[in-house]
Amino acid sequence: MGKCEQCIIKQFNSLKALTTSELVRISGCKTSMKIKKGDVIFEEGETINGVYCVKDGICKLSKLSANGKDQIVKMVVKGQLLGQRSLISDESSNLQAVALNDMEVCFIPKSEIINDLQNNSKFSFEVLKEMANDLKEADDVIVNMAQKSVRERLAEALIYIHDSFGTNPDGTLSVLLSREDFANIVGTATESAIRVLSQFKREGLIATIGKQIKIEDIDGLKRVE
C-alpha cells in the first residue's frame, strides 16, 4: 500500500504532524491489510495494541446497550484513525468497529505511536484536537436523542450520509446501510425506522431502488420536524 511518508491519506488526520523520519520509521513497522464488508475490526472490550489508519472504505463504531441493541456512535471514513482513545487511555475498547464496505487499513503498533506522542508535541496536539472533536460529536448525539424526534434524527442521518459520502451514478446514497443500521444510528426500533422511511417516501423526500435510498428533496428533509 506504499510508504507512509508518500501517502496523501495522512493529510486528513493527526499523522500529518509527524516528521519525515518519524513517518519512515512507522512505515517500516506498520501492517497493511484488507478487510471485507461485514468483518469486525475490533470488538467492544478488546485491547487495541495500536491504531488503524483508514486508507479506503467506511466502518461503523457502535456500542452494545443494556437491552442488547447496537447504538451506532460514529462512522469512520477514509483518512481517519481508529483506536486513538483506547491507545492513550490504556483501556480496552469502548466500542466495536465493523466494516460497512470493503476496506484498506494500515495498523501502526502502539509502541511506535506512544513514542511519537511523547517526543513530538505538534503530533500530540493534533491527536488531542481530534479527540476533542469526537467529544463534541458525542455531545451533539446526546442532545439530539433527548430533544429531537425520530423523524428529525433520521432526516439528519440521511443528509449526513449524503453530504459526507456522496452518491452513486444513479443518485442513490453511496453507503448502503440496512434499515437496522439506520435504526441504530438514530436510537429507535427497526420497525420505527422502516415506518419513517416509508413516510419520507410517500412525502416525496426519498425514493428507493431495491435496498438503496435516493434523496429526492434534500431541502425538504432539512425542514422535517
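**Notebook: two annotated domains, one sheet, one buried glutamine**

Over residues 148-219 I found the chain to be 54% helix and 11% strand, with the end C-alpha atoms 18 Å apart. Helices (H or I, at least four residues) and strands (E, at least two) are taken as DSSP runs, numbered from the N terminus. The model is predicted, and local features need pLDDT of at least 70, side-chain atom pairs count only at pLDDT 80 or more, while totals for chains, interfaces and linings use all residues. Residues are numbered from 1 along each chain as its sequence is written, and side-chain values use heavy atoms, with hydrogens and water left out.

I looked up the annotation of residues 148-219: UniProt lists "domain: HTH crp-type" there, in an unreviewed entry. The feature "domain: Cyclic nucleotide-binding", also from an unreviewed UniProt entry, is placed at residues 14-110. UniProt positions are in the numbering used here, feature names are shortened, and annotations may be inferred rather than shown by experiment. Over residues 14-110 I noted 18% helix and 42% strand, with the end C-alpha atoms 15 Å apart.

For the chain I recorded 8 helices and 10 strands. Its radius of gyration (over C-alpha atoms) is 19 Å, close to the 17 Å that the globule rule (2.2 Å times the number of residues to the power 0.38) gives for 225 residues, so the chain is as compact as a globular protein of that length. The C-alpha trace spans about 55 × 40 × 30 Å along its principal axes.

I then turned to a sheet. Here 4 strands form an open sheet in the order S2-S7-S4-S5, with antiparallel pairing; two strands pair if DSSP finds at least two bridges between them. Strands S2 (40-42) and S5 (70-76) stand at the edges with a single partner strand each, so one side of each is left without a neighbour in the sheet. Strand S4 (residues 59-64) pairs with S5 in the antiparallel sense over 6 bridges, and Cys59 stands opposite Val76 in S5.

Lastly I examined Gln84, which lies in helix H2 (residues 84-89). Gln84 has 9% relative accessibility and counts as buried (under 20% relative accessible area, 1.4 Å probe, protein chains only). Its side chain makes polar contacts with the side chains of Ser14 (3.4 Å) and Glu130 (3.0 Å). A polar contact is a pair of N or O atoms within 3.5 Å; within protein, one must be able to donate a hydrogen and the other to accept it, and residues adjacent in sequence count only if both atoms are side-chain atoms.

Methods:
Buried means under 20% relative accessible area, exposed over 50%, partly exposed in between (1.4 Å probe, protein chains only).
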